[in-house]
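Colleague: I'm new to this one. Could you show it to me and walk me through it?

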Amino acid sequence: MTNPLAWISKEIDYVIHLAAESHVDRSIDNPISFVDSNVVGTAKILEMVRKQKARMVHVSTDEVYGHLTAKQPPFKETNPLKPRSPYAASKASSDHLVYSYVKTFNIPAIITNCSNNFGPRQHPEKLIPKLIYNILNNNNLPIYGKGKNSREWIYVGDHCDALIKVYKSGKLGGFYNVGSNYNIDNLTVVKKLLYIAKKKINLGKNVKIKFVKDRPGHDMRYAIDSNKIKKELNWKP
């Protein structure tokens with residue numbers, strides 16, 4: 001494999017590492033590509049950071065913690081990692097790699113774990129842009145299972161603000177959860193989008209909720225405790 005970082009010759013001061021394969025469905029179809037991108041790719045970034053003596057923020061996901069039942073409290077940074085999909089496992093692996101470089105090579109890195117993002121220009125494989133696309137193009141609105149799987153949603157701009165806070169003032173070698181504490185199930189997301197769309201356009205006859213076969217190992221609920229970043233870095237969504 002050609003080294004994608006071979007072009008780097010001048011000194012790098014800081015890296016915010018967001019690059020990743022991030023769609024759970026595709027990780028089920030092709031796990032190896034996620035290992036290549038998220039694990040091997042992160043290892044290459046870490047080697048560059050180590051050689052350049054740069055600082056680093058590694059951007060990860062709440063999915064590394066596994067899932068919660070309705071009554072379980074949100075995940076904290078101290079919870080063990082129990083990923084349940086190839087995507088989540090590849091991100092957990094990358095988190096472990098970064099931490100190992102902190103301890104073995106003393107690189108100044110920080111790890112963040114964020115909840116589900118939404119915002120402008122998001123890839124249409126993701127839930128919210130996919131539903132918007134289907135509403136605008138008179139297609140069915142597919143929802144896994146009964147639509148009761150819930151996620152904590154955060155606007156991408158709030159996530160970026162958190163990353164800047166971590167970059168400027170975060171504790172090196174530390175972990176920070178980044179979330180909104182706004183948790184809703186997938187069926188509610190669809191209904192909210194339909195409510196908004198009906199006010200703006202005439203919906204096509206095919207724009208209907210369609211429950212489809214659930215995907216393997218579908219996590220029921222994600223929720224994270226973001227009190228640490230709020231208290232230490234004065235951030236809030």
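Modeller: Sure, let's begin with a sheet: three strands make an open, mixed one in the order β4-β6-β8. This is a predicted model, where local features need pLDDT of at least 70, side-chain atom pairs count only at pLDDT 80 or more, and totals for chains, interfaces and linings use all residues. Residues are numbered from 1 along each chain as its sequence is written, and side-chain values use heavy atoms, leaving out hydrogens and water.

Colleague: Which are the edge strands?

Modeller: Strands here are DSSP E runs of at least two residues, and helices are H or I runs of at least four, numbered from the N terminus. Two strands pair if DSSP finds at least two bridges between them. The ones that pair on one side only are β4 (116-118) and β8.

Colleague: In what sense do β6 and β8 pair, parallel or antiparallel?

Modeller: S150 stands opposite D185 in β8. Over three bridges, β6 and β8 pair in a sense that is antiparallel.

Colleague: Which residue caps the N-terminal end of α6?

Modeller: Helix α6 covers residues 186-200. A side-chain oxygen lies 3.2 Å from the backbone nitrogen of L187, and the capping residue is D185.

Colleague: Why are the buried residues of α6 on the same side?

Modeller: Buried means under 20% relative accessible area, exposed over 50%, and partly exposed in between (1.4 Å probe, protein chains only). The buried ones are N186, L187, V189, V190, L193, L194 and A197. They sit on the same side of α6 because their arc around the axis, taken from the directions from the helix axis to the C-beta atoms, is only 155 degrees.

Conventions:
Expected span 1.5 Å × (residues − 1). Polar contact = N/O pair within 3.5 Å; in protein donor to acceptor, adjacent residues only side chain to side chain.
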